[in-house]
Amino acid sequence: MKAAHIRWGLLLWGLVLALPAHADLSRRRSDVVEVVQKVSPAVVYIGTEQEVESRFRGRPRSPLEEFFGQGMAQPETRQRITGLGSGAIIDPSGIIVTNDHVIRGASAIHVVLADGRTFDAEVVGSDANNDLAVLKVNAKEPLPTAKLGTSSDLMIGETVVAIGSPFGLSKTVTAGVVSATGRTFRADSRVYNDFLQTDAAINPGNSGGPLLNVDGEIIGINTAIYANGQGIGFAIPADKVRRIVEELTRFGKVRPAWVGMDTADLPSQVAARLGWDRTYGVIVTNVDPDSPAAQAGVQRGDVVAELGGSRIQDAEDFDSRVRGYPARSAFPLVLFRAGGNRTVQVTPVEFPARLLENLAWEKLGLRVKESKGGMAIAAVRQGSAASEIGLEPGDVLLRMNNQPVPTGDTFREALLTARRGRSVLLLVRRGRYGYHLTLPFEGQRI
């Protein structure tokens, strides 16, 4: 009897000892743990391969040889470069979103799922301006997905989770909070606008992976292009991701859109005369008749305070944010006029053909026609910057802002992409030689 009591006592004691362990496990299951277990299967590792040409070391080439490509020939070799990044499956058919800079220039793209399966991926579309790309893998069965949420209602300080492969360490999780929204920063000689900022660690290899809220929804796509900050990470907000991904999925590219308004930085003295007492905002300097901006009620002299719910800091910021809205994607503008604010909805449209025909002539002072290897200059407008710099009929445009322009379609696309800038870099061939020229855009930016 006594032995039986001892056995029962030991059994009960074992049960008592076991209870806290189960209770602790339940108590430790935080929101972050729930998110990781829910979404991890939809996060992928992306490996890329790129072949580049290099030359063996030889005697140094003179500046003239470097410019004209002449001189002693040097043997060439091909070198394979590998890259890495992350991505998120957003459709069970195998649609994956990642960063453009993760796959840019890749000759082969490999996707590894959380369960170890590996696929070759094809590029559906990519956009360098918004640093987003869409990939497709062909699987025999539906793949696990992560839901693309919204970023318009994010609260500063709310918990976020980043999943990716920093430095090649796959299935890595970091957590933090939303530090800020609508951030602008400069990296690699480019300005990046309208980013989410977080203190969740974002390192090389995290690029393209998801930033998630506590419901397990993607509220941003992480990017590691800003390497100067400690404890500062950035992500492309989900609302922009949705617009760009839809455009890339349908058309393979982001169609250049047109609003029909020009803005300029707002000097403090002008702001004071208008009664605008804030340190942000831009002034509308021109509105094209019958343009989307005119139809929405935008007027010359208005102060643009916000676009899409975020403050506008300067004209460059405004132009960059507009580029995040493809044709037919409406956005709200908050305008200050006559002492009060008003909100209007602007819907960009594809650039009108009637304006496209005159764009090169008015902005560049050139008329071009298709020719072997590029676009031949057919006419140069007298008094234009192109005329003053010495361009002549018969010269051939090979590249615009480093983009090849072998056909009329590619020339028009490059011109539409470049039109919001203040200048354009041209590679021009005359005879046997090529010249890089920077040509200022003339007139209003459209």
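Where do R242 and D239 both lie? In this predicted model, the two residues belong to helix 5, which covers residues 238-251. They sit 3 residues apart, and that works out to about one turn of the helix. Their side chains meet in a salt bridge, with 3.6 Å from N to O. As for how much of R242 shows at the surface, this residue is partly exposed, because its relative accessible area of 33% falls between the 20% and 50% cut-offs.

Stepping back to the whole protein, the chain has 446 residues, and 44% of them count as buried. It contains 11 helices and 27 strands. The accessible surface adds up to about 23000 Å², with carbon and sulfur atoms supplying 51% of that area. Contacts tell another part of the story: among those with a separation of 6 or more, 60% come from residues 24 or more positions apart.

Back to the charged side chains. The protein has 10 salt bridges in total, and the R242 and D239 pair is one of them. Another joins E217 to K147, where the closest N and O atoms are 3.4 Å apart. Here both partners come from loops: E217 lies between strand 11 (210-212) and strand 12 (218-223), while K147 lies between strand 7 (132-136) and strand 8 (159-164), so this pair ties together parts that are 70 residues apart in sequence. K147 itself is exposed, as its relative accessible area is 55%.

R278 and D277 also pair up, with their side chains meeting in a salt bridge at 3.2 Å, N to O. How exposed are these two partners? R278 is partly exposed, with a relative accessible area of 45%, whereas D277 is exposed, at 65%. The cut-off explains the two labels: a residue needs over 50% to be called exposed, so D277 gets that label and R278 does not.

Salt bridges can also be linked up. D115, R117 and E141 do just that, forming a network of salt bridges.

Finally, there is a loop towards the other end of the numbering to look at. Which strands flank G431? This glycine is found in the loop between strand 26 (423-430) and strand 27 (433-440). G431 is exposed, because its relative accessible area of 63% is over the 50% cut-off. In sequence, G431 and V396 are 35 residues apart, and in space their C-alpha atoms are 9.0 Å apart.

Conventions. Residues numbered from 1 in each chain as written. Predicted model: local features only at pLDDT ≥ 70, side-chain atom pairs only at ≥ 80, totals over all residues. Heavy atoms only, no water. Helix = DSSP H or I, 4+ residues; strand = E, 2+ residues; numbered from the N terminus. Buried < 20%, exposed > 50% of the residue type's maximum accessible area, 1.4 Å probe, protein only. Contact = heavy atoms within 4.5 Å. Areas by Shrake-Rupley, 256 points an atom, 1.4 Å probe, with all protein chains shown as cover. Salt bridge = Lys/Arg side-chain N within 4 Å of Asp/Glu carboxyl O.
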